[in-house]
Amino acid sequence: MLSAYNITKNYQTNGRVVPVLKEVSVNISEGEFVSIVGRSGSGKTTLLNVLSTLVRPDSGELKYRDDNLALFPEKRLNRLRQSDFAVIFQFHHLLPYLSVLENTLLPFMSSLRPVSKQRVQQARAGLERVGLADKADRLPGNLSGGEQQRVAIARALVKSSRVLFADEPTGSLDKETGKQIMGLLMELHQEGLTVVMVTHEPGYASLAERTIAIEDGTIVH
Amino acid sequence: MNLFTIPLRNIRRRPSKTLLLLLVFSLGVMSIVALYQVSLVVGYSLEKKLTTFGANIVISPATEKLSVSYGGFHLGDMVFDVQELPEGKTSQAIRSIKLQDRIAAVAPKLVSMTKIGDTSIALVGVHWPEERGIKSYWAAANGRFPEKPDEILVGSQAASKLGMQVGDVVSIYGKNFSVSGILFKTGSDDDSVILVELGVLQTLLNRPDATSFIEVAALCAGCPIEDIVDQISMKLPNTEVKALQNVINQRMASVHFVQKLALSVSLVILVTAAAMIGLSMLSAVNERKKDIGILRSLGYGKSQVFMIFCLEAGFIGALAGFIGYVGGFGASFKALEYLALSEGAVPVFAVAHLLLASAVFALITIVAAVYPAWKGASVDPTTALVAL
């Protein structure tokens with residue numbers, strides 16, 4: 001479903017070229033739950049960003065279904081992120097001035113055309129699914145960290161994404177809340193969602209069907 | 001809920017910052033609107049005052065002119081087929097043009113030559129109220145202005161030529177007239193003529209309703225003088241309608257000076273206010289890199305991020321335009337009252353102008369926000385993600 005071949009990514013730091021990914025190849029099947037593990041600075045987040053199209057690789061090929069994403073113009077990549085791909089981050093990243101419902105509907109608010117009633121219903125259903133139906137009108141600042149992460153997951157649910165990329169989704173949560181979020185991700189995976197998760201928690205990584213370990217920009221197993 | 005919801009909610013997030021920005025921009029708009037309204041009224045009032053210093057349009061009957069020369073000698077120009085303008089019909093036609101509200105005064109005249117003793121002198125028939133209305137600089141050096149039909153006013157040069165004094169009785173076309181006053185030197189043709197009531201002269205000459213030419217004082221602040229001239233020409237096809245460009249240019253220069261001064265000050269205020277909006281948006285871009293990162297991760301393109309910043313600026317601009325226009329309109333009354341400048345003229349409120357002001361100021365703020373918005377849209381997702 002999603003394949004990366006010989007991906008290379010370098011960053012410039014103080015005029016010095018730092019290789020972050022060195023000819024990395026990954027293959028993710030439809031409906032699979034894959035975790036990416038590694039130490040800080042190993043390149044796991046960069047790999048997730050490349051796979052989710054947030055960052056373009058310097059070289060290599062990234063294929064989604066039959067399309068070579070490396071050849072996609074910016075606009076097509078944006079459309080892909082609006083439809084098939086969803087990303088959740090360690091710090092939840094909701095817009096603080098939008099309500100929970102509006103944050104959930106954010107992917108559909110990108111034009112001046114009003115969001116349809118059907119989408120609003122879907123968003124409410126998504127919030128119900130993650131247990132936040134009664135907090136739809138609240139601002140994210142009034143929610144706990146776990147609740148905010150659930151809003152981010154509801155956002156991914158509403159747009160019927162095929163692949164969910166999660167960058168340390170439990171990183172900023174306490175153990176109990178982290179477990180709840182992982183339970184939710186497992187549930188979604190069991191319903192057919194492809195999940196690619198970066199984590200440095202061995203316990204959570206072991207819940208995935210497959211673990212990719214990365215070290216100094218190279219996959220070690 | 002749509003793209004506009006995002007900037008709208010963000011504005012609500014920081015009410016004090018938004019209010020401050022709105023206040024500053026509204027004050028800017030208010031100053032511009034007040035200055036504009038005051039300059040309009042002052043321009044109108046100034047022009048009205050200047051109108052009393054002379055006419056700016058002359059209407060005369062169409063004539064034929066022939067240049068005569070014989071045997072190599074130039075014998076001068078011959079004017080023939082001279083017609084007269086019927087006073088009533090012509091005055092009525094002038095007063096009925098579309099731009100009739102711009103006509104300040106209509107002063108008809110009948111010119112005739114006569115002899116007093118052995119001296120030839122020009123007689124000019126005028127209507128005293130109209131004439132004095134367009135010639136407020138007239139002053140009687142001796143005596144007073146005529147009040148009765150058998151009184152005349154004599155130009156300074158004509159008085160010395162004829163040896164006339166105030167109180168003298170002169171016979172003109174067999175009728176006795178008393179010299180009620182002698183004009184101060186004006187430096188114009190009025191110095192060498194005798195002025196008499198128009199109706200009296202028409203009767204004496206047995207030319208009822210006749211005039212030689214008509215002087216018109218038109219207000220040109222609101223429209224070009226050419227329009228007034230064209231409209232009078234249409235109404236009076238067999239006449240020659242001439243705009244006295246020197247008079248108009250001098251008059252308009254004074255009006256334009258006031259308006260240009262107001263425009264210059266307005267531009268400075270506008271640029272300052274726009275720069276403030278631009279700076280505020282620029283700092284907003286830096287503060288909201290995280291927001292940009294979230295939006296880009298959700299598939300928002302550069303154009304959509306660009307639009308969010310422009311919509312935010314445009315909203316503030318439109319609101320400031322609305323508040324500023326209403327405030328500026330009110331302030332213009334106070335300013336005119338305080339400066340005692342209005343001379344009876346008042347600013348005119350127009351809903352269309354209010355909407356136009358909102359749209360124009362929205363556009364100005366959008367233009368001011370283009371660079372910050374472009375900067376925000378150009379934030380590389382990778383950089384934005386670092387902010388995450």
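Student: How many salt bridges does the structure hold over all chains?

Tutor: There are 21 over all chains. The model is a predicted one.

Student: What makes the pair A:Glu32 and A:Arg210 a salt bridge?

Tutor: The rule asks for a side-chain nitrogen of Lys or Arg within 4 Å of a carboxyl oxygen of Asp or Glu. Between A:Glu32 and A:Arg210 the N to O distance is 2.7 Å. That value is within 4 Å, so the pair counts.

Student: Which parts of the chain does this pair link?

Tutor: Distant ones: A:Glu32 lies in the loop between E2 and strand E3 (33-37) of chain A, while A:Arg210 belongs to strand E9 (residues 210-215) of chain A. The two residues are 178 residues apart.

Student: How many salt bridges are counted between chain A and chain B?

Tutor: The count is 2. One of them joins B:Arg296 to A:Glu74, with closest N and O atoms 2.6 Å apart. Arg supplies the nitrogen, Glu supplies the oxygen, and the distance is within 4 Å, so the label applies. In general, side chains of opposite charge can pair when their charged atoms come close.

Student: How many residue pairs does the rule find in polar contact across the interface of chain A and chain B?

Tutor: It finds 11, with both residues at pLDDT 80 or more. On the side of chain A that touches chain B, helix H2 (74-83) and helix H3 (100-105) of chain A each supply at least two residues. H2(A) gives the most, with 4 residues.

Student: What classes of residue make up that side of chain A?

Tutor: It has 20 nonpolar, 6 polar and 5 charged residues.

Student: How much area do chain A and chain B bury between them?

Tutor: About 2,600 Å², of which 64% is on carbon and sulfur atoms. In chain A, the residues that lose the most area to chain B are A:His93, A:Tyr97 and A:Leu112, together 26% of what that side buries. The contact takes 31 residues from chain A and 28 residues from chain B.

Student: Why are E1(A) and E2(A) called paired strands?

Tutor: Pairing needs at least two bridges between the strands. Strand E1 (residues 2-13) of chain A and E2(A) have 9 bridges, in the antiparallel sense, so the requirement is met. Residues that stand opposite in E2(A) include A:Leu21 for A:Lys9 and A:Asn27 for A:Ser3. A:Thr13 has A:Arg16 as its bridge partner. The two strands form a hairpin with 2 residues between them, and A:Asn14 in the turn has a positive phi of about 50°.

Student: What makes E1(A) and E4(A) a pair as well?

Tutor: They share 5 antiparallel bridges, and at least two are needed, so they pair. A:Ala4 stands opposite A:Leu62 in E4(A).

Student: What is the strand order of the open sheet of 4 strands?

Tutor: The order is E2-E1-E4-E5 in chain A, with antiparallel pairing. Strand E2 (16-28) and strand E5 (67-68) of chain A are called edge strands because each pairs on one side only, pairing being set by at least two bridges. Helix H1 (residues 44-51) of chain A packs on the sheet, touching E1, E2 and strand E4 (59-64) of chain A. The direction of H1 makes about 60° with that of E2(A).

Student: How is the pairing described in the open sheet of 6 strands?

Tutor: The pairing is mixed, in the order E6-E7-E8-E3-E9-E10 of chain A. Strand E6 (85-88) and strand E10 (218-219) of chain A are at the edges. E6(A) and strand E7 (residues 163-167) of chain A pair in the parallel sense over 4 bridges. In this pair A:Ala86 stands opposite A:Leu164.

Methods. Residues are numbered from 1 along each chain as its sequence is written. Chains are lettered from A and ligands numbered from 1 in the order in which they are written. This is a predicted model: local features need pLDDT of at least 70, side-chain atom pairs count only at pLDDT 80 or more; totals for chains, interfaces and linings use all residues. Side-chain values use heavy atoms; hydrogens and water are left out. Contact means heavy atoms within 4.5 Å. Buried area is the accessible area (1.4 Å probe) that two parts lose on being put together, summed over both. A polar contact is a pair of N or O atoms within 3.5 Å; within protein, one must be able to donate a hydrogen and the other to accept it, and residues adjacent in sequence count only if both atoms are side-chain atoms. Ala, Val, Leu, Ile, Met, Phe, Trp, Tyr, Cys and Pro count as nonpolar, Asp, Glu, Lys and Arg as charged, and the others, Gly among them, as polar. Axes are lines fitted to C-alpha atoms, for helices over the stretch in contact, and angles run from 0 to 180 degrees between N-to-C directions.
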